[in-house]
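Please open the model in the viewer and keep the selection panel at hand. The tour begins at the ligand and then moves on to the protein.

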Amino acid sequence: MRQTRLGSFTIGAIAYGCWRFAGSTPAEAQEKIETALDAGMTLIDTADIYGYGEPCGFGGAEAVLGEVLAASPDLRDRMVLATKGGIIPPRPYDSGSDYLISAAEASLKRLRVEQIDLYQIHRPDLTAPVAETANALDTLIASGKVKHVGVSNFTVAQTRALQAHLSAPLVSTQPEFSAVHQDPVTDGTLDWCSETGAACLAWSPLGGGRLVTRDLRDERERRVHAILARIAERLGTDISNAALAFILKHQANVVPIIGTQTPARIRASAAAAGLDFTARDFYDIVEAWRGVPMP
Ligand SMILES: NC(=O)c1ccc[n+]([C@@H]2O[C@H](COP(=O)([O-])OP(=O)(O)OC[C@H]3O[C@@H](n4cnc5c(N)ncnc54)[C@H](OP(=O)(O)O)[C@@H]3O)[C@@H](O)[C@H]2O)c1
């Protein structure tokens, strides 16, 4: 698979996400992780909150990944390991220094690793002083517990405010981005990535699955789906890979994080990074979303 940059790391152009993987048995989890790594998806993204509300509870997704890593330590060297902290129901967010440092330490324990490669603030805490959040992130890096830091679901202004207080560079932002959620194209997120060299880790790149299940929300999404279907047919691929190719076509460093729990679909998704998706295809999807031709 084509490679790209995340801070000091080289990663595959498509990443694998562990949100839906919290209820997996260790054997199932191992199969999914090995399949993703074998397919070239070397960035593995999880979060401490994944599993909350399910029988395994808060930390469940990290814990099962930790079991996989304990059973097969060689897998640790093959991946760039990303997790997130800062959501704590019912508060619901805490980016205060004491909490963030203890949350990262708890993630390290559950994941059974010495260092987290990318630690992301999951959602902005509007009550935590930004300088304190920045200090916690710099402290985590200085202690060696974390290699790089990033944000998720931050506006560009929130990202810049945090960066202004941080010594370390934010190497990533993680927004929702797909053919049916195109805000990062216009809200400055992708331009901030181009400005700084950060990666845009795109969550729910298939709209959480509705682009493939056709559980579409409105006329606008149906328009996008119809164009994706036409492009997929021309390229000899499926809607899923056409949807991934759409966000990969943006000139910024966009890394879709896929979330399927089906090993065959993980494997098949890797081909999206090699599709001959044209600029015209890209603009057709943007126009379908906007409902008007490009000016
Ligand atoms: N930062 C954040 O706030 C945030 C929020 C959400 C997600 N994320 C990250 O993004 C990752 C991906 O999110 P996501 O899971 O919503 O991504 P997604 O890839 O958009 O959606 C995955 C869903 O699509 C379904 N799907 C895929 N291919 C299919 C097919 N051919 N037919 C039917 N269903 C299909 C999957 O079902 P199957 O499992 O049955 O294939 C799964 O339920 C997460 O794991 C997490 O790492 C981050």
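Select the ligand first: 28 residues surround it, each with a heavy atom within 4 Å of it. The closest are Arg20, Asp45, Ser204, Thr260 and Arg265. This is a predicted model, in which local features need pLDDT of at least 70 and side-chain atom pairs count only at pLDDT 80 or more, whereas totals for chains, interfaces and linings use all residues. Residues are numbered from 1 along each chain as its sequence is written, and side-chain values use heavy atoms, with hydrogens and water left out.

Next, display the oxygen atoms of the ligand. A polar side-chain atom of arginine 265 lies 2.5 Å from one ligand oxygen atom; for asparagine 153, a polar side-chain atom lies 2.9 Å from a ligand oxygen atom. At leucine 206, a backbone N or O atom is 2.7 Å from an oxygen atom of the ligand. Of the 910 Å² of accessible area (Shrake-Rupley method, 1.4 Å probe) that the ligand has on its own, the protein covers 85%.

Now select glutamine 174, in strand 8 (strands are DSSP runs of E, at least two residues; helices are runs of H or I, at least four; both are numbered from the N terminus). Glutamine 174 counts as buried because its relative accessibility is 2% (buried means under 20% relative accessible area, with a 1.4 Å probe and protein chains only). The side chain of glutamine 174 makes a polar contact of 3.3 Å with that of aspartate 45 (a pair of N or O atoms within 3.5 Å, one able to donate a hydrogen and the other to accept it; residues adjacent in sequence count only if both atoms are side-chain atoms).

How values were computed: Buried < 20%, exposed > 50% of the residue type's maximum accessible area, 1.4 Å probe, protein only.
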